Structures are given as C-alpha cells and as structure tokens.
Amino acid sequence: MLKKGDINRTRAAYWCVVSGSDIWLQQGELPFASSDSLGLPYHSAIEIGRYQDEPVMWLNESEVEHELELVSLRDCLSFDSQLFLLMSKAVQYGHMSQTLRFCPQCGGRNHLNHNQLAMQCGECRTLHYPRIFPCIIVAVRKQNQILLAQHPRHRNGMYTVIAGFLEVGETLEQCVAREVKEETGIEVNNIRYFGSQPWAFPSSMMMGFVADYQSGQIKPDYSELSDARWFNIDALPPVAPQGTIARQLIEYTIEQIKLSH
Ligand SMILES: [Zn+2]
C-alpha cells in the first residue's frame, strides 16, 4: 500500500473529498493543490494512488470544517478513466469508513488504520477490509440483435445489458446464465469473459461477459425490469452512458455484429 511518503501540507496533490457517492469538484475539476491552500486537514487524508505521477488523496468530507460543493461520482464518468478509477476508489474507502464503524466480531468501535487502509477494532484489534460485492454484467447476442433491458430506476428510459449479484457457491458463468434466465427467460451459451470495472455505487466489482442466445422467448421479470427485448443494432434505444462497462459491452457487441457481415 502507498503511504504518505513525500507528501506534506504544501505539496500539491489531487484531492478526493467524498461523502456517500458524492465527490468535491472545483470548476468541474478534481482539485489539485496543497492541503494548506485548500484548507483541508492533511493529517486525516490518505494517499490512495498516483495520477500522472502526482499523489491522489482520499479525505472524508465529514473531516472538513468548511462547506464544499459535492457532485455525484456518476457525473464524472466522462473524466479520464485512470482518474475516474482513483475517484471511485476514494468513494469506496469513504463507504468503508461509513459502514464499518463498528466491529462485526465484537461490536467494538472501529477506527481507520492508515497503514492498512482498513478499519480496525479498538477492542479486539481485528482488521476489517473494505467489502467488495461481485456482480456480473453480460451482453447477449442473437444473430444481428442484442438483448437490452430497461430498469424502473433509470428515469431517462435508457436500456442496458443484464446485470446481477453473484450468489455464494456459484461460478461467474452460472451467475451469468441464471441472471439472464431470471430477468428475461432467455437461455444463453458460449459465455466468454470480457473485462471488469469497479463500480462505487456503493462498492461493487462489475465482471463483464458476452454470451450467445441459445433458446427461449423473452419474458421480462417485471419485479426487476420495466422492459426487455431484442434490438437491431440500427434501431437502438438510448443506452448506458460512456465510461461504463455496460456501454463498452454494447459497443463491442455492435462491432462484432458488423464484423460478421
Ligand atoms: Zn472487535
């Protein structure tokens, strides 16, 4: 783990000041300055990585005395992907410090261990590392069509690929097949790994796959979805935004369909 090392109060750094899924921006940019010039409590901050050779610091907004203007991390998806990953990391550490305030073993009060980037119980000394929730996300192809679903929680009516949480005792491939079947009634085969993206809402790891249609008729699970259907690639609805693995999966599938002609 990176430590504070050569950072000090007057050294410029990127500052990820977070609260929930929100992060502080100045004029639409992640602040880059020294803690002294920004009036931030240097001793509460931890270096969580480097961006373009400059330190990136995580600090909880609750530690800051003055008011800051926060925006949702979702509004930062267009940022450079390396910087967005570090901002997501800060949000996930913020989530850890919020949700692990008490020891799951003995109920004692936890404190942040700056060297381990984990919470530590003041009573039994157990270290509690951040929890990461594994999720699959999958683009399903049927000849020239892609399976997309609409969720009631997406207010703008966008469609996206199928996703869901891994269950205990399940392989990722089983999870892919189960989620697609449960949400849409479709059976898939030829499941291949695509790539991954940490997703800080609140602390998931999205593991992306592509798969092919095998059998079945679409029967959307209306307790989860407001719609699911096959779309021709030349008649797509509004889809997941740039910067998400969902969008990458959709674009990759469109490419693959085009290449097969
Ligand atoms: Zn304890």
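Two exercises follow on a predicted model.

**Exercise 1: the zinc site**

Task: Determine which residues hold the zinc ion, what geometry the site has, and which parts of the chain the pair Cys106 and Cys121 ties together.

Solution:

1. List the donors. The zinc ion has the protein donors Cys103 (SG), Cys106 (SG), Cys121 (SG) and Cys124 (SG), at 2.3 to 2.4 Å.
2. Check the angles. Four donors count as tetrahedral if all angles lie between 85 and 135 degrees. Among the four donor atoms here the angles are 100 to 117°, and the site is tetrahedral.
3. Compare with the ideal. For four tetrahedral donors, the ideal angle at a metal is 109.5 degrees.
4. Read the spacing. Along the chain, the donors of the zinc ion follow C-x2-C-x14-C-x2-C.
5. Place the pair. Cys106 is in the loop between helix H2 (81-99) and strand E7 (110-113), while Cys121 belongs to strand E8 (residues 118-121), so the two tie together parts 15 residues apart in sequence.
6. Add accessibility. Cys106 is partly exposed, at 41% relative accessibility, whereas Cys121 is buried, at 0%.

**Exercise 2: the surroundings of Leu77**

Task: Decide whether Leu77 is buried or exposed, and find which residues it touches.

Solution:

1. Locate the residue. Leu77 sits in the loop between strand E6 (70-72) and H2.
2. Apply the cut-off. Buried means under 20% relative accessible area. Leu77 has 12% relative accessibility, so Leu77 counts as buried.
3. List the contacts. Leaving aside residues up to four places away in sequence, Leu77 touches Phe84, Trp199, Pro241, Gln242, Gly243 and Thr244.
4. Examine one partner. Pro241 is 164 residues from Leu77 along the chain, and their C-alpha atoms are 8.0 Å apart.

Terms used
Residues are numbered from 1 along each chain as its sequence is written. This is a predicted model: local features need pLDDT of at least 70, side-chain atom pairs count only at pLDDT 80 or more; totals for chains, interfaces and linings use all residues. Side-chain values use heavy atoms; hydrogens and water are left out. Donors are N, O and S atoms within 2.8 Å of the metal (3.2 Å for Na, K and Ca); water is not among the atoms, so sites may look incomplete. Four donors count as tetrahedral if all angles lie between 85 and 135 degrees; four count as square planar and six as octahedral if opposite donors are over 155 degrees apart and all others between 65 and 115; anything else is irregular. Helices (H or I, at least four residues) and strands (E, at least two) are DSSP runs, numbered from the N terminus. Buried means under 20% relative accessible area, exposed over 50%, partly exposed in between (1.4 Å probe, protein chains only). Contact means heavy atoms within 4.5 Å.
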